Protein chains: 2
Amino acid sequence: MTLPDSASATASSQVFDALKKDLIRGKFKAGEKLAISTLKSHYRVGLSPLREALNRLSAYGLLEQVNQRGFRVPAMRLEELNDIANLRSQLECMALTQAFQNGDAEWESLLVAAHHRLRRADEMPEQIEEWEQAHLRFHRALLAACGSTWLLRFIEQLHDQFDRYRRMAPPNPTVRGELDAQHGTLVEHALNRDIAAGRALLDDHIRLSHDVAKGCCQP
Amino acid sequence: MTLPDSASATASSQVFDALKKDLIRGKFKAGEKLAISTLKSHYRVGLSPLREALNRLSAYGLLEQVNQRGFRVPAMRLEELNDIANLRSQLECMALTQAFQNGDAEWESLLVAAHHRLRRADEMPEQIEEWEQAHLRFHRALLAACGSTWLLRFIEQLHDQFDRYRRMAPPNPTVRGELDAQHGTLVEHALNRDIAAGRALLDDHIRLSHDVAKGCCQP
DNA sequence: AGTCCTCATAAAATCGATTTTTTTATCGAT
DNA sequence: ATCGATAAAAAAATCGATTTTATGAGGACT
């Protein structure tokens, strides 16, 4: 008897998820070449599902593939971080505008709920992964009502890219407190449908995270 | 002795390219489920490279993958076409602004060259694939100098999505002539660095293509 | 010394077969 | 007749082995 899993995970998708998480977490060195046989034993999967996951990850932009010489973790370049942060700011402000216009009561309550979970996670600084997940979900919830599937897709992709840099950088408790406070204010602006204030604050928020993330490129 | 190929293509990347082309061309029915064994014999490749290509294509958004039940060609929905066209317009106008600001002489000459090739292709209406390639390259060249790798990446992805709809729609010779003319005017605006005119025209251009492409959803 | 070749090794890519899961077909019970 | 269970067939996913290609060490030649 098999469990009625939400979506019975194949080995491919499991190792995809695990690898994605580890790549964003910074478990691998930037620029490192991945040794397939090592990954195989580490993630306990066969060659085929592993290669399928690696192929998906390079199409997603978390790996680089060169044709006859395997897979490589992308380098961390300040120039690219700037590109990611700038674009992220533009796209998220675009989405915020639409979300504030289209969002209904259901959106509001999901956003408030996501924010509540994030504040709970703020209180337990030792559980990093829980906070990271709550944080990602909060930002998703903020823009979820924007109405554009493709915009959300690109924003998610940029967010993952951005996090790869941010999580590599040394933490800054002062700034961290400020960032946390901004989340609450963002919710207020959302409930007030104050687009101008929301955009300005989200832009600040990303700029501030950007400053933190820069710490990973020039030590 | 092996040929010093530009980048020795693996079976995976070859079938990826071929499948991508066929998907955009509309060789498969929308919503169709892909029969792996059929593809295998059609593209003359083994299972592993084929599956790797399919995985890449679903990460790219040209296929949908459901975990234990294979790969499916995405349906064509008017709503999605609208989303793609809107976002494409926004992102391309963004890129155009930056390209007009940053573009140097090299950019100008590559753009003029790409336009020249496109006009040549216009003259031979029977060679569709050649025109399609020239057209894609022209639009790439127009925005190439924008300076943002990630923006270009997303635009390329949206362009592929858009083309899947456009190429399914019945051709409209009248509009087609107008669209062709717009390409020339876009080059003029680029050389004049007239950002406002360029954005307005590019927006029109996409809107007009959008109208044509709509023909595929409601026959 | 430096460059170019050759061979040995390691890694990537591919194949064919096997295992697992889904889909379809069949049959019996209500 | 419809529903549900079961068995057979088909398809997807995975494995292990093989083939192909890149990498690196050694040696001959200029």
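A polar contact, the term to carry along on this tour, is a pair of N or O atoms within 3.5 Å; within protein, one must be able to donate a hydrogen and the other to accept it, and residues adjacent in sequence count only if both atoms are side-chain atoms.

You're looking at a predicted model, where local features need pLDDT of at least 70 and side-chain atom pairs count only at pLDDT 80 or more, while totals for chains, interfaces and linings use all residues. Residues are numbered from 1 along each chain as its sequence is written, chains are lettered from A and ligands numbered from 1 in the order in which they are written, and side-chain values use heavy atoms, with hydrogens and water left out.

**Stop 1: DNA strand C**

Select B:Ser48 and strand C. An N or O atom in the side chain of B:Ser48 sits 2.9 Å from a base nitrogen of DNA strand C. Now add A:Arg51, whose side chain has an N or O atom 2.8 Å from a phosphate oxygen of the strand. B:Ser12 also reaches a phosphate oxygen of DNA strand C, with a polar side-chain atom at 3.1 Å.

Which elements should you colour here? Those giving two or more residues to the surface near DNA strand C are α3 (47-60) of chain A, along with α1 (11-25) and α3 of chain B. Helices here are DSSP runs (H or I, at least four residues), as strands are (E, at least two), numbered from the N terminus. The largest share, three residues, comes from α3(B).

Widen the selection to everything near the strand, where near means that a residue has a heavy atom within 4 Å of it. That gives 20 residues around DNA strand C, with A:Arg51, A:Asn67, B:Ala11, B:Gly46 and B:Ser48 coming nearest. Of the atoms of DNA strand C that come within 4 Å of the protein, 80% are sugar and phosphate. Sorted by class, this surface has eight nonpolar, nine polar and three charged residues. In that sorting, Ala, Val, Leu, Ile, Met, Phe, Trp, Tyr, Cys and Pro count as nonpolar, Asp, Glu, Lys and Arg as charged, and the others, Gly among them, as polar.

**Stop 2: DNA strand D**

Switch to strand D. There are 21 residues around it, and the closest are A:Ala11, A:Gly46, A:Ser48, B:Arg51 and B:Asn67. Zoom in on A:Ala11, where a backbone N or O atom lies 2.2 Å from a phosphate oxygen of DNA strand D. Next door in the numbering, A:Ser12 puts a polar side-chain atom 3.2 Å from a phosphate oxygen of the strand. For a base, pick A:Ser48: its side chain has an N or O atom 2.9 Å from a base nitrogen of DNA strand D.

Show the helices again. α1 (11-25) and α3 of chain A, together with α3 of chain B, each supply at least two residues of this surface, and α3(A) gives the largest share, three residues. Sugar or phosphate makes up 82% of the strand D atoms within 4 Å of the protein, and bases make up the rest. The residue classes here are eight nonpolar, nine polar and four charged.

**Stop 3: where chain A meets chain B**

Hide the DNA and select the chain contact (heavy atoms within 4.5 Å). It takes 33 residues from chain B and 33 residues from chain A. The two chains bury about 2,800 Å² between them, 53% of it on carbon and sulfur atoms. Buried area is the accessible area (1.4 Å probe) that two parts lose on being put together, summed over both.

How many salt bridges cross this interface? There are two, counting a side-chain nitrogen of Lys or Arg within 4 Å of a carboxyl oxygen of Asp or Glu. Look for B:Arg51 and A:Glu52, whose side chains meet in a salt bridge at 2.6 Å, N to O. On the chain B side, α3 (47-60), α4 (78-102) and α7 (149-166) each give two or more residues.

**Stop 4: inside chain A**

Finally, colour chain A by domain: domain 1 covers 11-72 and domain 2 covers 78-216, with bounds from an automatic or database domain assignment. Their C-alpha centres lie 27 Å apart. Nine residues of domain 1 touch nine residues of domain 2, burying about 880 Å², of which carbon and sulfur atoms give 51%. On the domain 1 side, A:Ile24, A:Arg25 and A:Tyr60 lose the most area, together 59% of what that side buries. End on A:Lys20 and A:Asp160, whose side chains form a salt bridge at 3.4 Å, N to O.
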